[in-house]
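Here are my notes on the model you sent round. They are in numbered points, so you can follow along with the viewer open.

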Amino acid sequence: MDAAKLATETFNLDKNVKGKYFFSITNNLDNGYMTTGGEAYQTQQVEITTNFFSGSLGGFVRAVHHEFVHVFQRAVLGYVSSVTHARREYFAHLDSVYNSDLPAASTAQISFWKSRIPYYLKEMQKIYQVPAK
Ligand SMILES: [Zn+2]
């Protein structure tokens, strides 16, 4: 919990969503991902998973940043429906990988997140029925 707060303060991760979230921490590593949940335009719960504590600082900071993108999407834009899931993940992955304001993460972490970007783009193309080659 302190690690998430320290990363948030150090890198100003919550600059657009102050007061719109709270942290919780879990050892439940069923999927190993941090998550953000809550109703549209309401306070969001950001769940920090402890598995990130053993990785690089950059990996942790970028994972927390990813969740703050979701806080903005949900609490400010009101995007919470399943229809917007792929769009939310696409932008969160994009902004966590291509962000020069955050410390470097491991090549493996960046590669994984990068691989998710075209995946979610394809998901959006299915939902919005944009012709794809
Ligand atoms: Zn996400």
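1. A quick reminder before anything else: this is a predicted model. Residue numbers count from 1 along the chain as the sequence is written.

2. Let's begin with helix H1, residues 2-10, and its outward face: Asp2, Leu6, Glu9 and Thr10 are exposed there. On the other side, Ala4, Ala7 and Thr8 are buried. Those three cover an arc of only 100° around the axis, which puts them on the same side of H1. If you want to see what sits over them, the cover includes strand S1 (21-26), strand S3 (44-49) and helix H2 (57-76).

3. Next, the sheet. The three strands form an open sheet in the order S1-S3-S2, and the pairing is mixed. S1 and strand S2 (35-37) are the edge strands, each with a single partner, so one side of each has no neighbour in the sheet. From one strand to the next, the twist averages 25°.

4. Look at the S2 and S3 pair if you like bookkeeping. These two run antiparallel and are joined by three bridges. To find your place, start at Gly37, whose bridge partner in S3 is Gln45. As a reminder, strands in a sheet pair through backbone hydrogen bonds, and they can do so parallel or antiparallel.

5. Now for H2. Where does H2 lie? It lies across S1, S2 and S3, and runs at about 165° to S3. The length checks out: at 1.5 Å a residue, its 20 residues should span 28 Å, and the end C-alpha atoms are 28 Å apart, which agrees.

6. Is H2 largely enclosed or open? With 17 of its 20 residues buried, H2 is largely enclosed by the rest of the structure. A residue counts as buried here when 20 or more other C-beta atoms lie within 10 Å of its own.

7. That brings us to the largest nonpolar core, which has 19 residues. The members that touch the most others are Ala7, Val17, Phe60, Val64, Phe68, Val71 and Phe72. H1, S3 and H2 are the elements that give two or more residues to this core, and the largest share, nine residues, comes from H2.

8. One core residue to click on is Phe72. Once you leave aside its neighbours within four places in sequence, Phe72 is in contact with Asn16, Val17 and Leu77. Val17 is also on the list of core residues that touch the most other members.

9. A few backbone angles deserve a look. Most residues other than glycine have a negative phi. Asn12 has a positive phi near 50° and is not a glycine. Asn12 comes just after H1, in the loop between H1 and S1. It is exposed, with 10 other C-beta atoms within 10 Å.

10. Tyr41 belongs in the same conversation. Its phi is positive, about 65°, although Tyr41 is not a glycine. You will find Tyr41 in the loop between S2 and S3. With 12 C-beta neighbours inside 10 Å, Tyr41 counts as exposed.

11. Last one: Gly78. This residue follows H2 and has a positive phi, near 80°.

How values were computed
Predicted model: local features only at pLDDT ≥ 70, side-chain atom pairs only at ≥ 80, totals over all residues. Helix = DSSP H or I, 4+ residues; strand = E, 2+ residues; numbered from the N terminus. Arc of directions from axis to C-beta. Contact = placed C-beta atoms within 7 Å. Pairing = 2+ DSSP bridges. Axes fitted to C-alpha atoms, helices over the stretch in contact; angles between N-to-C directions. Expected span 1.5 Å × (residues − 1). Core = buried A, V, L, I, M, F, W, Y, C linked by C-beta atoms within 7 Å.
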